Amino acid sequence: MNTPLLELLPQLVELLAFAFGSLGLSAAGVYLERFALTTLETGNAKLGGWIAFMGLMAFYFAYLMSTDKVRPKLAAVRRQAGE
């Protein structure tokens, strides 16, 4: 392998880990929101509300991970790959 590509490999692995983490949190948020809707439809409002809140928290953490970790890491990888 090329030396610059080998130096870029740890950053790419970290970028992929954060990207898949954000994607996983988003998928968990979608699942929780659908489950909350189903729970609300059965008449259990308190549990449905709590599950909906947990789904919103999953979306929030997915957003934070994508904006605080993925975007800066992607910019750093692009900058280093361009050198």
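This is a short walk through the structure above, from its second helix to the contact that links it with the first. Keep in mind as you go that the model is predicted.

Let's start with helix 2, which runs over residues 45-82. Helix 2 counts 38 residues, and from its first C-alpha to its last it reaches 53 Å. That is close to the 56 Å expected at 1.5 Å a residue. If you follow the helix along, you will come to a kink of about 30°, and its centre is Ser-66.

Now look at which residues of helix 2 are covered. The buried ones are Gly-48, Ile-51, Ala-52, Gly-55, Ala-58, Ala-62, Thr-67, Val-70, Lys-73, Ala-76 and Val-77. A general point about helices helps when reading such a list: an α-helix has 3.6 residues a turn, so residues three or four places apart point the same way.

The surface has something to show as well. Leu-47, Trp-50, Phe-53 and Met-54 together make a nonpolar patch of about 390 Å². One of these, Met-54, belongs to helix 2. Its relative accessibility is 31%, so Met-54 counts as partly exposed.

Turning to helix 1, you will find that it covers residues 3-41 and that Leu-9 lies in it. Leu-9 is partly exposed because its relative accessibility is 38%. To relate this residue to the kink in helix 2, take the C-alpha atoms of Leu-9 and Ser-66: they are 20 Å apart, while the two residues are separated by 57 places along the chain.

The last stop is Lys-73, which sits in helix 2. Is this lysine buried or exposed? With a relative accessible area of 17%, Lys-73 falls under the 20% cut-off, and so it counts as buried. Which residues does Lys-73 touch, once its neighbours within four places in sequence are left aside? The contacts are Gln-11, Glu-14 and Leu-15.

Among those partners, Glu-14 deserves a second look. In general, side chains of opposite charge can pair when their charged atoms come close. Here Glu-14 and Lys-73 form a salt bridge, with 3.2 Å between the closest N and O atoms. Because Glu-14 lies in helix 1 and Lys-73 in helix 2, the pair ties together parts that are 59 residues apart in sequence. The structure holds 1 salt bridge. The two partners differ in their cover: Glu-14 is partly exposed, at 34% relative accessibility, whereas Lys-73 is buried, at 17%.

Key
Residues numbered from 1 in each chain as written. Predicted model: local features only at pLDDT ≥ 70, side-chain atom pairs only at ≥ 80, totals over all residues. Heavy atoms only, no water. Patch = residues over 30% accessible without salt bridge, like charges linked within 9 Å, V, L, I, M, F, W, Y side chains within 5 Å. Areas by Shrake-Rupley, 256 points an atom, 1.4 Å probe, with all protein chains shown as cover. Salt bridge = Lys/Arg side-chain N within 4 Å of Asp/Glu carboxyl O. Helix = DSSP H or I, 4+ residues; strand = E, 2+ residues; numbered from the N terminus. Buried < 20%, exposed > 50% of the residue type's maximum accessible area, 1.4 Å probe, protein only. Expected span 1.5 Å × (residues − 1). Bend = angle between axes of the 7 residues up to and from the residue. Contact = heavy atoms within 4.5 Å.
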